[in-house]
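Open the model in your viewer and keep the residue selection panel at hand. The stops below go from one selection to the next.

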Amino acid sequence: MKCKAFIFGLLLGGVAFTASAVDLKTEGRDPKYVESIVGRSRKIVDKLELNNEDKANEVTNIIANRYFKLNDIYEARDAKVKTAKESLTGDAKNAAIKAARDEADAALYRCHFEFPADLSLFLTSEQIDAVKDGMTYGVVRVTYDSHLDMIPTLKDEEKAQIMAWLIEAREIAMDAENSNKKHEAFGKYKGRINNYLAARGYDLKAEREAWYERIKARGGKI
């Protein structure tokens, strides 16, 4: 596995071996940008309520490094697209832009599974999911709960399908370049969910209107 070394205790033959800490990849980066990303990462970690400060610091660095890597990939893509637009025309320009975007997509795919693998050295599966939710604004749970509240008659298999698609959307949103793109990723899957429910016979307009009335009746806001 690429990247870093970790604080990772391995008991072998009665001897405990400990790897070094996760390094924060700050070289060449604006200190204010680093401070912002570390702060964002730490907020996600704080919600895990880890009882070990060393572990919390390691996980914070892993998350921050993930943000750094994503930024590097998108900056490289944007620079190549900019060069193509400024120096090429016609089919050559279009081909160069497509190549830059394809290269970024390939880079994202290659490193996508590094992140949860790195986290798994310090966190449980449930905690890793919480990190993913933190990086995607908790949209999975909010959207899932909203659908269940809107359509109380959903069957178990329908609930399972909705959750499966939202989890898939989260994997895509995690690698998106900004908040708008993250929400856009979820938006596509919300459309898929709506089409699925409509095909199952649900009148979504009627369900939504009835839901709004229930929310108002219990003093909530739409």
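Select Lys-205, Lys-216 and Ala-217 of helix H9: these residues are exposed (over 50% relative accessible area, 1.4 Å probe, protein chains only). This is a predicted model, in which local features need pLDDT of at least 70 and side-chain atom pairs count only at pLDDT 80 or more, while totals for chains, interfaces and linings use all residues. Residues are numbered from 1 along each chain as its sequence is written, and side-chain values use heavy atoms, with hydrogens and water left out.

Now turn to the other side of H9 and select Leu-204, Trp-211 and Ile-215, the buried residues of this helix (under 20% relative accessible area). Seen down the axis of H9, they fall within an arc of 40°, so they line one face of the helix; the arc is taken from the directions from the helix axis to the C-beta atoms. Add helices H6 (139–150) and H8 (179–199), which are included in what covers these buried residues.

Step just past H9 to Gly-219, where phi is positive, about 80°.

Next, show H1 (residues 31–46) and H2 (residues 53–87), which pack at an angle of about 125° with axes 8 Å apart. The axes are lines fitted to C-alpha atoms over the stretch in contact, and angles run from 0 to 180 degrees between N-to-C directions. That angle makes H1 oblique to H2 (not under 35 degrees, not over 145, and not 65 to 115). For the contact (heavy atoms within 4.5 Å), select residues including Tyr-33 and Ile-37 of H1 and Tyr-67 and Phe-68 of H2.

Technical notes
Helix = DSSP H or I, 4+ residues; strand = E, 2+ residues; numbered from the N terminus.
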